[in-house]
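Student: I should like to learn how charged contacts, burial and strand pairing are read from a set of coordinates. Could we work through one case together?

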Amino acid sequence: MKTLYFDLGMGAAGDMLTGALLELMPDREAALEQLNRLGLPHTQFSMERGSKCGISGTHIHVTVLGQEEQPCQEEPRHEREHAHDHGHSHHHVHGQEHHHSHTAMADIRQTVQALSVSDAVKARVLEVYARIAQAESLVHGVPAQQIHFHEVGTLDALADITAVCYLLEQLSPERIVASPVQVGFGKIRCAHGILPVPAPATAQILLGIPIRAGDIPGELCTPTGAALLRQFVSDYGPMPLMTVERIGYGLGQKDFPAANCLRAMLGEG
């Protein structure tokens, strides 16, 4: 059985998942070119080779309207920096902040339906996004339809989600297994204020999934990363008996004493 295993010892974010999956593709340059042809508005993917604690891997950059999404910062800000560069679309409750640069779920659905991907990928992208909106609605105590998404954050997260859904369709594993999710600990400063780690929406999405804080301070699992895991991973635990054929490393943005990467292993098991 074609098996994909995610090592989540440093958590999960959309860009890290994308980088790891791109490394599993037979031709990653061609796969990256295809991602840029999917029709995501105002969005450009690029990849950069790098290393974390001596491990070589791929870091994904997503620019939207010429800029990269700014991450939430760890608190206190002068001591530590946020773990990952992508994954937080800034969500606002209707009535607090709502103008032309904010996007509701209806607009997201319209954008996704126009993408040059299969209907199955479109459906999965919308399911993942709906998980994030539902978690935010529970956290804020308002209906999901009233959650609005900041434009740059929305398109950044949408790019990560679409890339992962598309690459998984191309790789077509029959089952996906993952280690327990290391989520980090401490506090982060976001648009809403200072929040605990894991962020409330992330914690909501990860209900029923084995998680641990670990010993690395900061946010290691983002809402986007959590929603993608919830969508695709069927089992959590040690790596199953499998013959590994390819290994990919998706790098996070920051440096830690531990290698800040997500490892994906593809093979028969």
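**Reading salt bridges, burial and strands**

Tutor: A network of salt bridges links E23, R28 and R49. The model is a predicted one, in which local features need pLDDT of at least 70, side-chain atom pairs count only at pLDDT 80 or more, and totals for chains, interfaces and linings use all residues. Residues are numbered from 1 along each chain as its sequence is written, and side-chain values use heavy atoms, with hydrogens and water left out.

Student: What is a salt bridge by this rule, and how many does the count come to?

Tutor: Side chains of opposite charge can pair when their charged atoms come close. The rule asks for a side-chain nitrogen of Lys or Arg within 4 Å of a carboxyl oxygen of Asp or Glu. The count here comes to five salt bridges. One of them joins R28 to E23 at 3.6 Å, N to O. Another joins E23 to R49, with the closest N and O atoms 2.2 Å apart. E23 belongs to helix 1 (residues 14–24) and R49 to strand 2 (residues 43–52), so this pair ties together parts that are 26 residues apart in sequence. Helices (H or I, at least four residues) and strands (E, at least two) are DSSP runs, numbered from the N terminus.

Student: Which of E23, R28 and R49 are buried, and which are partly exposed?

Tutor: Buried means under 20% relative accessible area, exposed over 50%, and partly exposed in between (1.4 Å probe, protein chains only). E23 is buried at 8%, whereas R28 at 28% and R49 at 47% are partly exposed.

Student: Which residue meets K52 in a salt bridge?

Tutor: The side chain of D255 meets that of K52 at 2.8 Å, N to O. D255 sits in the loop between strand 16 (243–251) and strand 17 (261–268), and K52 in strand 2, so the pair ties together parts 203 residues apart in sequence. D255 is exposed at 63%, while K52 is buried at 9%.

Student: How should the two faces of strand 11 be read?

Tutor: In a regular strand the side chains alternate between the two faces of the sheet. Strand 11 (residues 187–190) has I188 and C190 on its covered face, and K187 and R189 on its uncovered one. Two strands pair if DSSP finds at least two bridges between them. Strand 11 runs antiparallel to strand 12 (residues 193–196), with four bridges joining them, and R189 has I194 as its bridge partner. A hairpin of two residues connects strand 11 to strand 12.
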